[in-house]
Amino acid sequence: MLSPTSVKDALQSAAPVAPIQVQGWVRTRRDSKDFSFIELNDGSCLRNLQIIAENWLPNYADVQHLTTGASIIVRGELVASQGKGQNWEVVADKIDIVGGADDTYPLQKKGHTPEFLREIAHLRPRSNLFGCVFRVRSRLAFAIHQFFQERGFIYVHTPIITGSDCEGAGELFRVTTIDAKNPPRTQSGEIDYAKDFFLRPTYLTVSGQLEAEAFASALSKVYTFGPTFRAENSNTSRHSNEFWMIEPEMAFCDLNGNMDLAEEIVKYLIVDLRENCAEELGLFAKFVDKELLARLDFVFERKFRRIPYTEAIELLKKSGEKFEFPVEYGLNLQSEHERWLTEKQKCPVTVFNYPKEIKPFYMRLNDDGKTVTAMDLLVPGIGEIVGGSQREERLEVLEANMRRHKMDPADYKWYLDLRRYGTVPHSGFGLGFERMLMFVTGVSNIRDVIPFARTPGSAEF
RNA sequence: UCCAGCGUAGCUCAGUGGUAGAGCGGUCGGCUGUUAACCGAUUGGUCGUAGGUUCGAAUCCUACCGCUGGAGCCA
């Protein structure tokens, strides 16, 4: 039994191969006088393998009716191509037509808009663009693990179903087995979640951070990498209700060490993809974003600028730029401000030490009593790609922060225990996986870097 | 959720009150070691949905749905 060769391996062959078996989907077909050219793609790489189907094949009439989208198994010989444009091609001895595709097949050999392809999310990975996107997505995930594993980080699986409803990050999807038509009620008539499956209200996680802190307080350096769910009605090209996030957490690490790691990983991932996804990046640079490679090199070569929030406000005020939203200490930086910081300054920027009023309870209070050790890494084109902080490790200060945020410390006993027993300064951040993927591919809509995106009103596939 | 724009053939679009169009794709034929092939013919429509104005609506009005861009929330 002949084992199949991937299109990628066939195209990289150093010598002719006979016999060879390849299999995949027909991208396009052209007839010549005595034979037919078939472009075969199996998703192993961007390029197609050219198949020569000669007219003596017993099923040649059927081969001539092969259309874009059909699946075939080809046996033959890999030989040097007589034509230009490819080094190798397969001269077929036998072509098995596995599954036809009739004229309702929506993909054409010519270009489609990403918006149209999004409507056929089940077929779009068969397009050049999305094949590239999802190969890069795979490599990016691998490179992230590699980055952390090389540095001694332990991979932690934090829960997807969580009981804490106030992690300071967005609206939550409720997880319940209660019958919506006949829910148990409390005496006051409210739905009684104490009778729900977990005997308490539960939700899909919006962050694994709190649990990662527990593991960092034992294994020193950990990271999570998993799905995250936010029930926000966000309709933008940068938001999805289900996305993946990487959250490193490091014990005995302050904000500077945290910023070092965030900047290092962004650079590492760029270098890795430049090396391992050159063909795919080439396609993005050609069809998606002409400046992509220059921007990636720019981010890689340039030292990231670090600007305290207070200084960023001063820079924006002195910029002379007319912003739609006010620039004032104590206000959040708006998209237009972040854009100015990264695009006008022409470099990635890490803004840190934000006013405590605009940041969550777990961030460490600075000695000035006014700011917390928050940091946001901003990149040109996307904006915030990393958000993190040094965590408040002092029990009393953390409890005070909770009360200031109208949270009851009693609800966070286990989290506070981490400060009661062997507390240490520790830091971490969240890196948006899809945002990183958008940044390295130039694809401008988050829906186009997720296999089957979940956005408000949209969960068809 | 808010603001703006757009929904016409399988795809990309033109058509701004008077008979529904083009290119590409598909199909058929021709030509050809071709490669977003080429040449000829042909196929193709509830003009997003529902109301309304008008002698007459793809075109004007209203509502809804969807998509795109921007904003907020954030990763």
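Me: Before we start, what does "buried" mean here?

Reply: Buried means under 20% relative accessible area. Keep in mind that this is a predicted model.

Me: Fine. Why is R364 called buried?

Reply: R364 has 16% relative accessibility. The cut-off is under 20%, so R364 counts as buried.

Me: And what makes E393 buried?

Reply: Same kind of check: E393 comes in at 10% relative accessibility. With the limit set at under 20%, E393 therefore counts as buried.

Me: How do you know that R364 and E393 form a salt bridge?

Reply: Their side chains meet at 2.8 Å, N to O. The rule asks for a Lys or Arg side-chain nitrogen within 4 Å of a carboxyl oxygen of Asp or Glu, so the R364 and E393 pair is called a salt bridge.

Me: What does the R364 and E393 pair tie together?

Reply: R364 sits in the loop between β13 and β14, while E393 is in the loop between β15 (383-391) and α11 (395-404), so parts 29 residues apart in sequence are tied together. As for networks, salt bridges with shared partners join E399, K413, D417 and R420 into one.

Me: What makes K359 and D376 a salt bridge?

Reply: Here the N to O value is 3.6 Å. The limit is within 4 Å, so the K359 and D376 pair qualifies. K359 belongs to the loop between β13 (349-355) and β14 (371-379), and D376 to strand β14, 17 residues apart. Both K359 and D376 are buried.

Me: Why are D448 and R124 called a salt bridge?

Reply: The side chains of D448 and R124 meet at 3.2 Å, N to O. Since the rule needs within 4 Å, the name fits D448 and R124. This pair links distant parts of the chain, 324 residues apart: D448 in the segment after α13 (433-441), R124 in the loop between α3 (114-119) and α4 (128-150). D448 and R124 are both buried.

Me: How many salt bridges does the rule give?

Reply: The count comes to 25.

Me: Switching to strands, what makes β3 and β5 a pair?

Reply: Strand β3 (residues 49-54) and strand β5 (residues 88-99) share three bridges. Pairing takes at least two, so β3 and β5 count as paired, in the parallel sense. Q50 stands opposite E89 in β5.

Me: Where do β3 and β5 fall in the barrel order?

Reply: Five strands close into the barrel as β1-β2-β3-β5-β4, with mixed pairing. From one strand to the next, the twist averages 55°.

Note on methods
Residues are numbered from 1 along each chain as its sequence is written. Chains are lettered from A and ligands numbered from 1 in the order in which they are written. This is a predicted model: local features need pLDDT of at least 70, side-chain atom pairs count only at pLDDT 80 or more; totals for chains, interfaces and linings use all residues. Side-chain values use heavy atoms; hydrogens and water are left out. Helices (H or I, at least four residues) and strands (E, at least two) are DSSP runs, numbered from the N terminus. Axes are lines fitted to C-alpha atoms, for helices over the stretch in contact, and angles run from 0 to 180 degrees between N-to-C directions. Buried means under 20% relative accessible area, exposed over 50%, partly exposed in between (1.4 Å probe, protein chains only).
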